[in-house]
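Visitor: Please show me the structure. I would like to ask about it piece by piece.

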Amino acid sequence: MILRPLEARDTEAVQRIFPQWEVVRWLHAGVPWPYPADGAATNMAQCLAQRARGEKFYWAITLKGGDDTLVGRIDLWPFDGVVRDTRGFWLDPALWGQGLMTEAAEAVTAYAFETLGWPELYLTNAVENLGSGRVKEKQGAELIAVEPRDYVGGNGPSQIWRLTRAAWLARRPA
Ligand SMILES: CC(C)(COP(=O)(O)OP(=O)(O)OC[C@H]1O[C@@H](n2cnc3c(N)ncnc32)[C@H](O)[C@@H]1OP(=O)(O)O)[C@@H](O)C(=O)NCCC(=O)NCCS
């Protein structure tokens with residue numbers, strides 16, 4: 001996959017792919033559901049404003065050898081000292097299970113630790129969201145807590161993972 005900064009021209013692809021139950025089910029309850037016709041446009045405006053203020057990073061996931069169309073998104077933001085959650089991601093279900101999000105997560109983690117020099121990331125997923133949890137496991141994150149969270153699909157236990165810069169760098173091949 002190729003990551004590039006999210007752009008306003010990605011709105012159409014987001015509106016086409018994102019509003020699917022298997023995509024939103026285990027996302028935070030703030031995601032509107034049923035998804036409105038202007039949902040992607042509203043969210044895009046918020047994302048681009050947050051990025052312009054330097055608060056969050058947003059990347060479009062595209063396919064290597066493809067036509068640069070967004071097939072998913074990965075987001076990164078700094079730990080505020082309170083909410084243990086610093087990354088989000090989703091992918092077109094037609095592309096699940098090929099290692100794409102693990103590849104995207106590794107690229108974004110390298111950016112956080114090597115370029116930005118952040119000391120740690122906090123990562124979360126619903127316990128039932130096995131694929132998302134597996135991405136954290138594959139990255140070498142440490143499960144540190146399970147606590148309730150509100151999801152689009154209802155309240156449920158959430159795994160909280162910590163991935164430290166030191167641990168991640170130590171796992172990298174020389
Ligand atoms: C979570 C998500 C991003 C994973 O994307 P992906 O590209 O399929 O992830 P990868 O292929 O890199 O890795 C997924 C891993 O989970 C495993 N997995 C997926 N579903 C699983 C299941 N039901 N049970 C056990 N393992 C599962 C895969 O086998 C793979 O592990 P492996 O490489 O050891 O075989 C994707 O499922 C998604 O977009 N979900 C909807 C949005 C979402 O929930 N986002 C996360 C919110 S915390």
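Guide: Start with one definition. A residue is buried if 20 or more other C-beta atoms lie within 10 Å of its own, exposed if 12 or fewer, and partly exposed in between; the C-beta atoms are placed from the backbone. This is a predicted model: local features need pLDDT of at least 70, side-chain atom pairs count only at pLDDT 80 or more, and totals for chains, interfaces and linings use all residues. Residues are numbered from 1 along each chain as its sequence is written.

Visitor: Is Asp 68 buried or exposed?

Guide: Asp 68 sits in the loop between strand 2 and strand 3. Helices (H or I, at least four residues) and strands (E, at least two) are DSSP runs, numbered from the N terminus. Asp 68 has 12 C-beta neighbours inside 10 Å, so it counts as exposed.

Visitor: What is the phi of Asp 68?

Guide: Most residues other than glycine have a negative phi. Asp 68 is not a glycine, yet its phi is positive, at about 75 degrees.

Visitor: Which bond joins Trp 33 and Pro 34?

Guide: Pro 34 lies in the loop between helix 2 (21-24) and helix 3 (39-52). Most peptide bonds are trans. Between Trp 33 and Pro 34, omega is about 5 degrees, and the peptide bond is cis.

Visitor: How many helices and strands are in the chain?

Guide: Read along the sequence, the pattern is β-α-α-α-β-β-β-α-β-α-β-β-α. Each α stands for a helix and each β for a strand. The chain has six helices and seven strands.

Visitor: Why does the chain count as compact as a globular protein of that length?

Guide: The radius of gyration is taken over C-alpha atoms, and the globule rule is 2.2 Å times the number of residues to the power 0.38. For 174 residues the rule gives 16 Å. The chain is as compact as a globular protein of that length because its own radius of gyration is close to that, at 16 Å.

Visitor: What share of the chain's residues count as buried?

Guide: The C-alpha trace spans about 45 × 40 × 35 Å along its principal axes. Of the 174 residues, the buried share is 28%.

Visitor: Why is strand 3 largely enclosed by the rest of the structure?

Guide: Strand 3 covers residues 72-76. It is largely enclosed because, of its five residues, the number buried is four.

Visitor: Which residue in strand 4 is the bridge partner of Ile 74?

Guide: Two strands pair if DSSP finds at least two bridges between them. Five bridges join strand 2 (residues 57-62) to strand 3, antiparallel, and Phe 57 stands opposite Leu 76 there. Strand 3 also pairs with strand 4 (residues 87-91) over five bridges, again antiparallel. In strand 4, the partner of Ile 74 is Phe 89.

Visitor: Which strands stand at the edges of the open sheet of three strands?

Guide: The order is 5-7-6, with antiparallel pairing. Each edge strand has a single partner, so one side of it is left without a neighbour in the sheet. The edges are strand 5 (120-126) and strand 6 (142-151).

Visitor: Which residue in strand 7 is the bridge partner of Thr 124?

Guide: Strand 5 and strand 7 (residues 154-164) are antiparallel and share seven bridges. In strand 7, the partner of Thr 124 is Ile 160.

Visitor: Which helix packs on the sheet?

Guide: Two residues are in contact if their C-beta atoms, placed from the backbone, lie within 7 Å. The packing helix touches strand 5 and strand 7. Its direction makes about 155 degrees with that of strand 5, and it is helix 5.

Visitor: Is Glu 120 exposed or partly exposed?

Guide: Glu 120 lies in strand 5. Leaving aside neighbours within four places in sequence, its contacts include Phe 79 and Arg 162. With 18 other C-beta atoms within 10 Å, Glu 120 is partly exposed.

Visitor: Which helix gives the largest share of the shell around the ligand?

Guide: Strand 4, helix 4 (100-115) and helix 5 (130-138) each supply at least two residues of the shell. The largest share is five residues, and it comes from helix 5.

Key. Axes fitted to C-alpha atoms, helices over the stretch in contact; angles between N-to-C directions.
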